[in-house]
Amino acid sequence: MVDQPKVTEKEARAVAEEARESGWGKPSFAKELYLGRFRLDLIHPYPRTGGEAGAKAEKFLAQLREYCRTLDGSVIEREARIPDTYVKGLAELGCFGIKIPEAYGGLGLTQVAYNQALMLVGSVHSSLGVLLSAHQSIGVPEPLKLAGTPEQKARFLPRCAKGAVTAFLLTEPDVGSDPARLATSATPTEDGEAYELDGVKLWTTNGVVAELVVVMARVPKSEGHRGGVTAFIVEMDTPGITVERRNSFMGLRGIENGVTRFHKVRVPKENVVGGEGQGLRIALATLNTGRLSIPAMCAGAGKWALKIAREWSAVRVQWGKPIGEHAAVANKISFIAATTYALESVLDLSAHMADEGRNDIRIEAALAKLWSSEMACKLGDELMQIRGGRGYETAESLAARGERAVPVEQVVRDLRINRIFEGSTEIMHLLIAREAVDAHLSAAGALADTEADLPAKAKAAAKASGFYARWLPQLVTGKGQSPAAFREFGRLAPHLRYVERTARKLARSTFYGMARWQAGLEKRQGFLSRIVDIGAELFAMSASCVRAEMHRTEDAQQGAAAYELADVFCQQARLRVEALFDALWSNTDDVDYRLASRTLDGRYTWLEEGIFDTSEGTGPWITDWRQGASEEHSVARRFLPSTR
């Protein structure tokens with residue numbers, strides 16, 4: 001097995017900290033929310049896309065909608081592969097260059113239009129949405145737009161727009177969310193003109209069919225080389241590259257996800273993106289908007305679930321009336337409808353803010369990904385319960401016995417991955433928490449450093465006292481205590497007042513946590529996760545209210561319906577928020593940790609007796625991979641002819 005970099009917990013944190021964008025050059029609604037400041041002016045009036053950009057988007061989406069009508073998602077599900085003809089049609093429509101500027105052969109459309117396209121294609125089959133999002137959200141186009149040179153953009157973006165499928169390769173068999181242990185190497189060649197890549201990448205979405213990939217590899221530090229994790233654009237037909245496996249999963253059966261080996265792969269120095277050591281920073285910057293692809297597909301799944309729940313609950317009769325008229329099912333329908341409105345509101349608002357460019361949306365995008373992936377899974381589960389046995393039955397089986405082929409179980413399987421990839425829920429909690437407490441860490445200084453000595457902590461305490469002397473009094477009172485505040489929002493005004501009051505309560509709770517645990521706060525992951533989740537619900541409430549008001553001003557009838565949806569969503573969200581606040585201080589976190597430690601120590605192995613573990617003896621937990629030439633036949637293939 002290749003030698004992994006020996007990395008301590010402190011060193012791993014330092015790598016992650018160095019990669020994050022530390023400055024806040026633009027305002028952030030979510031950052032202000034966590035600080036107890038409800039900046040409604042940053043999201044209201046609701047941003048809109050109009051004029052030429054809106055007309056271009058509508059024309060493209062109309063063409064895409066008609067094309068999607070000709071596609072059969074059941075073919076992808078049955079064959080576990082997207083037909084080449086489907087991809088060819090998408091490429092001809094320009095779907096691989098939706099956000100690529102027209103100057104480079106793309107459509108030059110907005111993030112809003114891109115999200116709407118993902119909802120459309122994802123409703124045919126989730127694997128189609130993944131194909132496009134892995135290409136445009138995190139593949140070659142986005143990093144190049146952010147950090148590429150003019151020459152790199154001119155060389156690669158036109159190919160991407162034509163349909164040269166791309167992928168992003170970071171994960172390794174023993175490296176997931178901890179990039180400090182990245183083992184794939186990029187050694188400068190003696191002639192100084194290139195780098196030689198060696199290593200193995202795992203879970204390479206689009207990697208099986210990619211023509212171009214972004215590879216994260218570690219450049220050793222040496223004279224003339226800063227070193228560090230670096231982003232490379234690599235042509236997948238370069239000698240030394242072998243796609244050794246196409247992986248199979250619980251869902252997303254058409255996904256082209258594999259294992260890719262690099263052995264002495266020569267990459268020209270001109271293919272370095274952003275410079276040596278900038279790879280992780282580029283990756284995080286890419287995800288600021290790239291993460292919005294998952295909320296797009298979650299919102300699309302919500303729309304589909306609402307349609308199925310409505311239609312099925314009206315025709316399925318039990319105990320003398322449609323099941324939708326029974327309270328137990330009605331509650332589920334209400335949850336699906338209200339949550340779907342909120343899912344689309346969070347997505348749409350975040351996308352509009354990304355297009356405007358006047359706000360820093362790193363927290364908003366992360367919250368959208370976290371909250372949407374969690375809520376969509378709950379929504380899918382409720383739909384399956386409404387459908388009962390038919391929800392658990394496959395669409396193919398339903399059709400075989402003459403019933404409507406409704407793929408509920410497929411959607412539930414496909415949704416589940418969203419809580420894992422592009423940052424698992426647990427990692428997203430930590431990432432957002434770090435940004436949410438950024439002002440506190442800056443103010444606290446050595447107080448938040450576990451290795452700081454007493455004199456340093458005393459000096460930091462004096463500095464922090466100044467910050468908190470100014471900040472804490474602002475959390476005592478606010479507009480949320482005035483019965484007349486936000487009255488232009490009518491029946492939604494009480495919810496916005498609640499958001500304002502609760503944002504201040506959230507900020508106070510964060511301060512109490514800082515004061516209680518100081519440097520130990522980073523270990524209180526349960527506490528931090530609840531803080532993040534409260535902020536996510538407040539963001540969703542805010543987005544729903546301002547979007548409903550926008551609907552009201554544009555169309556009175558639809559606006560009234562939107563107000564109903566937003567009102568019920570906010571009532572449901574408030575119950576979740578109050579439960580999270582209660583759990584901040586009344587929970588089983590400490591006893592859970594002790595019990596988990598004893599479980600890992602083997603204290604309860606007797607509890608595992610009486611069953612068979614059929615996985616035993618089938619292989620190691622983590623592949624014993626080694627650098628070197630591949631011994632496998634490459635399974636790489638292409639949807640379309642090369643664009644070279």
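These are my notebook entries on what I looked up in this structure, which is a predicted model.

**Entry 1: the nonpolar cores**

I began with the inside of the protein, with a general point in mind: in soluble globular proteins, nonpolar side chains tend to be buried together. The largest nonpolar core here has 153 residues, and I noted that Leu197 and Val234 are the ones with the most contacts inside it. Helix α21, which runs over residues 525-554, gives the largest share of this core, with 15 residues. Apart from that core lies another one of 23 residues, and I wrote down Val175, Leu212, Val214 and Ile282 as being among them.

I then asked which residues Val234 is in contact with, once its neighbours within four places in sequence are left aside. The list holds Leu197, Glu211, Leu212, Val213, Val215, Ile241, Phe262, Val265 and Val267.

**Entry 2: Ser544 in helix α21**

Since helix α21 had come up already, I looked up Ser544, which is found in that helix. Is Ser544 buried or exposed? Its relative accessible area is 0%, and because buried means under 20%, Ser544 counts as buried. Leaving aside its neighbours within four places in sequence, I found Ser544 in contact with Tyr341, Ala342, Ser345, Ala566 and Phe569. I also looked up the C-alpha atoms of Ser544 and Tyr563, which are separated by 8.7 Å, while the two residues are 19 apart along the chain.

**Entry 3: aromatic rings**

Next I turned to the aromatic side chains, and the structure holds 14 aromatic pairs. One of them is formed by Phe527 and Trp585, a tilted pair with 5.2 Å from centre to centre and 55 degrees between the planes. This pair links distant parts of the chain, with Phe527 in helix α21 and Trp585 in helix α22 (residues 556-585), 58 residues apart. I checked how accessible each partner is: Phe527 is buried, at a relative accessible area of 2%, whereas Trp585 is partly exposed, at 38%. I also noted one aromatic cluster, which is formed by Phe467, Tyr468, Trp471, Phe511 and Tyr512.

**Entry 4: enclosed space**

For empty space I kept a general idea in view: rolling a probe the size of a water molecule over the atoms shows where empty space is left. How many cavities of 30 Å³ or more does a search of the whole structure find? The search finds two.

The largest cavity holds about 40 Å³ of space. Its lining is made up of Gly163, Ala164, Val165, Val209, Glu211, Arg638, Phe639, Leu640 and Pro641, and by class these are six nonpolar, one polar and two charged residues. I recognised Glu211 from my first entry, where it was listed as a contact of Val234.

The second largest cavity holds about 30 Å³. Ile82, Ser127, Val130, Leu131, Asn206, Gly254, Ile255 and Glu256 line it, and I sorted this lining by class into four nonpolar, three polar and one charged residues.

**Entry 5: the second largest pocket**

I then moved from cavities to pockets and looked up the second largest one, which holds about 790 Å³ of space. It is lined by 36 residues, of which Ser123, Val124, His125, Pro407 and Gln410 are the closest to its centre. By class, the lining has 18 nonpolar, ten polar and eight charged residues.

Which helix gives the most to this lining? It is α16, with six residues. The helices that each supply at least two residues are α4 (73-79), α6 (111-124), α7 (126-136), α11 (293-315), α15 (395-400) and α16 (408-416).

**Entry 6: backbone details**

Last, I looked along the backbone. A cis peptide bond joins His44 and Pro45, with omega at about 5 degrees, and Pro45 lies in the loop between α2 (29-34) and α3 (51-68).

I also noted two residues that have a positive phi without being glycine. Trp203 has a phi near 55 degrees; this residue lies in strand β3 (residues 194-205) and is partly exposed, with a relative accessible area of 48%. Leu252 has a phi of about 50 degrees and lies in the loop between β6 (241-246) and β7 (257-268). Although Leu252 is in a loop, it counts as buried, at 6% relative accessibility.

How values were computed: Residues numbered from 1 in each chain as written. Predicted model: local features only at pLDDT ≥ 70, side-chain atom pairs only at ≥ 80, totals over all residues. Heavy atoms only, no water. Core = buried A, V, L, I, M, F, W, Y, C linked by side-chain atoms within 4.5 Å. Buried < 20%, exposed > 50% of the residue type's maximum accessible area, 1.4 Å probe, protein only. Helix = DSSP H or I, 4+ residues; strand = E, 2+ residues; numbered from the N terminus. Contact = heavy atoms within 4.5 Å. 1 Å grid on protein atoms, 1.4 Å probe; cavity = no way out; pocket = protein on both sides within 12 Å on 5 of 7 lines; lining within 4 Å. Points joined across faces, edges and corners; volume = space filled by probe spheres on them. Nonpolar A, V, L, I, M, F, W, Y, C, P; charged D, E, K, R; others polar. Phe/Tyr/Trp six-rings, centres within 6.5 Å; stacked < 30°, edge-to-face > 60°.
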